[in-house]
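Got your viewer open? Load the model, switch to cartoon view, and keep the selection box handy.

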Amino acid sequence: MAVEDLDGDEDQDLVIANFATGDVSVLLGDGEGNFTAGQRVGVGLRPVAVAVADLNDDEDEYADFVTVNRNSNDVSIVLGRGNGLFAQPRVNVGMEPVAVAVARLNSDEHDDLVTANHDSNDVSILLGAGDGTFTAGQRVAVEEGPVAIAVARLNNDEVDDLVIANFFTNNVSVLLSAGDDTFIVESVSVDMRPDAIVVADFNNDEVEDLATANGSSDDVSILLGASDGTFTLRQRITVIRNPVAIAIAHLNDDRYADLVTANVAFHTISVLLGAGDGTFTADSVSLTGRSPVAIAVAHLNDDRHEDLVTANRDSSDISVLLGRQRHFHGRTKRQFRNSSLLHCGGGPQPRWACRPRHR
């Protein structure tokens, strides 16, 4: 799931990868937290993740996106134009890709792609030509079961670096780019079964830090970065059972980065408020649909609060959670109102048909 203004109306829209039907649904937002079904586009077999970017350097108002297709071992490029969305020829990657990210990995100023290949224990680098086409670069070995990717500049150079969450080896691979399609690979331990990873500056030292959602140990690992691309563990904070997705947010007025997790076993999201020193405290829990497996943060209506969207596996719907602040005994607490569900049918992964479901 990804959030972006896809049609140039300045309202945030949603892009959903439909695992069971092999396509992508677009949900068009109205700026008030409501969504209507837009175009559906066929992609590869069992798409499991999507990323949005300007993949053909046209700098127009229409976003493009890429899906990673688990069962066909490839990615699908879909270009946005004024008269619709158009799928391009697919590009092969490694075995059972489960995550995709957009990065700038060389000096040509074009967007490149990275996939995490769960069964071949590597990442595939696809180099962009700037016209929406990509060619296979190298495949870089990581550790066992890579499941998530984050992109950041970790060592003060001018090219993007990569961090990969490795599910079976309980660690993160840090790939420092040399700017020529080669990488220096290091690893750092986290807790049990990291499912997701994000990058932000958590302690205000202008150096990027990491957070992983660890589904089996029911916690989040916070790792503080140094300017050379190395990391040290700062905190493990417990959340409700089985956090499998995580996102960066700014949920109060202190300007520090906060975190939200999607907790698949308890059908909830957890809010973790950052203190600005690399530590977090649990703040609130809100209900979602059944078994949320993805989460995104965006401004979905016209207030000043950030809102959330979760993709819910077992209820096959999307929860739209509009943010608000409540005051309890002199303390401000961020809560979310589950304003709507978009019901989309069944299947072992989220499958989206995009019709409202009444609560």
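Start by selecting N121, which sits in the loop between strand 11 (112–117) and strand 12. Strands here are DSSP runs of E with at least two residues, while helices are runs of H or I with at least four residues, and both are numbered from the N terminus. A quick word on what you're looking at: this is a predicted model, where local features need pLDDT of at least 70 and side-chain atom pairs count only at pLDDT 80 or more, while totals for chains, interfaces and linings use all residues. Residues are numbered from 1 along each chain as its sequence is written, and side-chain values use heavy atoms, with hydrogens and water left out.

Back to N121: its phi is near 55 degrees, a positive value in a residue other than glycine. Most residues other than glycine have a negative phi. N121 is partly exposed, at 27% relative accessible area. (Buried means under 20% relative accessible area, exposed means over 50%, and partly exposed is in between, using a 1.4 Å probe and protein chains only.)

Now jump to N170, in the loop between strand 15 (161–166) and strand 16 (171–177). N170 also has a positive phi, about 55 degrees, although it is not a glycine. With 22% relative accessibility, N170 counts as partly exposed.

**Next stop: S124**

Select S124, in strand 12 (residues 122–128). Buried or exposed? S124 counts as buried, because its relative accessibility is 3%. Show its side chain and look for two polar contacts. One joins the side chains of S124 and N117 at 2.9 Å; in the other, the side chain of S124 reaches the backbone nitrogen of G94 at 3.2 Å. (A polar contact is a pair of N or O atoms within 3.5 Å; within protein, one must be able to donate a hydrogen and the other to accept it, and residues adjacent in sequence count only if both atoms are side-chain atoms.) Leaving aside neighbours within four places in sequence, S124 is in contact (heavy atoms within 4.5 Å) with residues including V93, L113, T115 and R139.

**Salt bridges**

R139 is a handy link to the next selection. Its side chain meets that of D122 in a salt bridge, 2.9 Å from N to O. R139 lies in strand 13 (residues 134–141) and D122 in strand 12, so the pair ties together parts that are 17 residues apart in sequence. R139 is partly exposed at 44%, whereas D122 is buried at 8%. (A salt bridge is a side-chain nitrogen of Lys or Arg within 4 Å of a carboxyl oxygen of Asp or Glu.)

How many salt bridges does a search of the whole structure find? The search finds 8. Try D111 and R104, whose side chains meet at 2.7 Å, N to O. D111 is buried at 13%, and R104 is partly exposed at 30%. Then select R153 and D160, where the closest N and O atoms are 3.0 Å apart. Salt bridges that share partners join R153, E158 and D160 into one network.

**Strand 19, covered on both faces**

Select residues 209–214, which make up strand 19. Of its 6 residues, 6 are buried, so strand 19 is largely enclosed by the rest of the structure. Colour D209, A211 and A213 on one side, then L210, T212 and N214 on the other. In a regular strand the side chains alternate between the two faces of the sheet.

Strand 19 pairs with strand 18 (residues 194–200) in the antiparallel sense over 6 bridges; two strands pair if DSSP finds at least two bridges between them. One bridge to look for joins A196 and A213. Strand 19 and strand 20 run antiparallel too, joined by 5 bridges, and L210 has L223 as its bridge partner. These two strands form a hairpin with 4 residues between them, and D218 in the turn has a positive phi of about 55 degrees.

**Last selection: an open sheet**

Show strands 22 to 25: these 4 strands form an open antiparallel sheet in the order 22-23-24-25. Strand 22 (243–249) and strand 25 (280–287) stand at the edges with a single partner strand each, so one side of each is left without a neighbour in the sheet. For a close-up, find T268 opposite L287 in strand 25.

Zoom out to finish: the protein chain has 0 helices and 30 strands, and 58% of its 359 residues count as buried.
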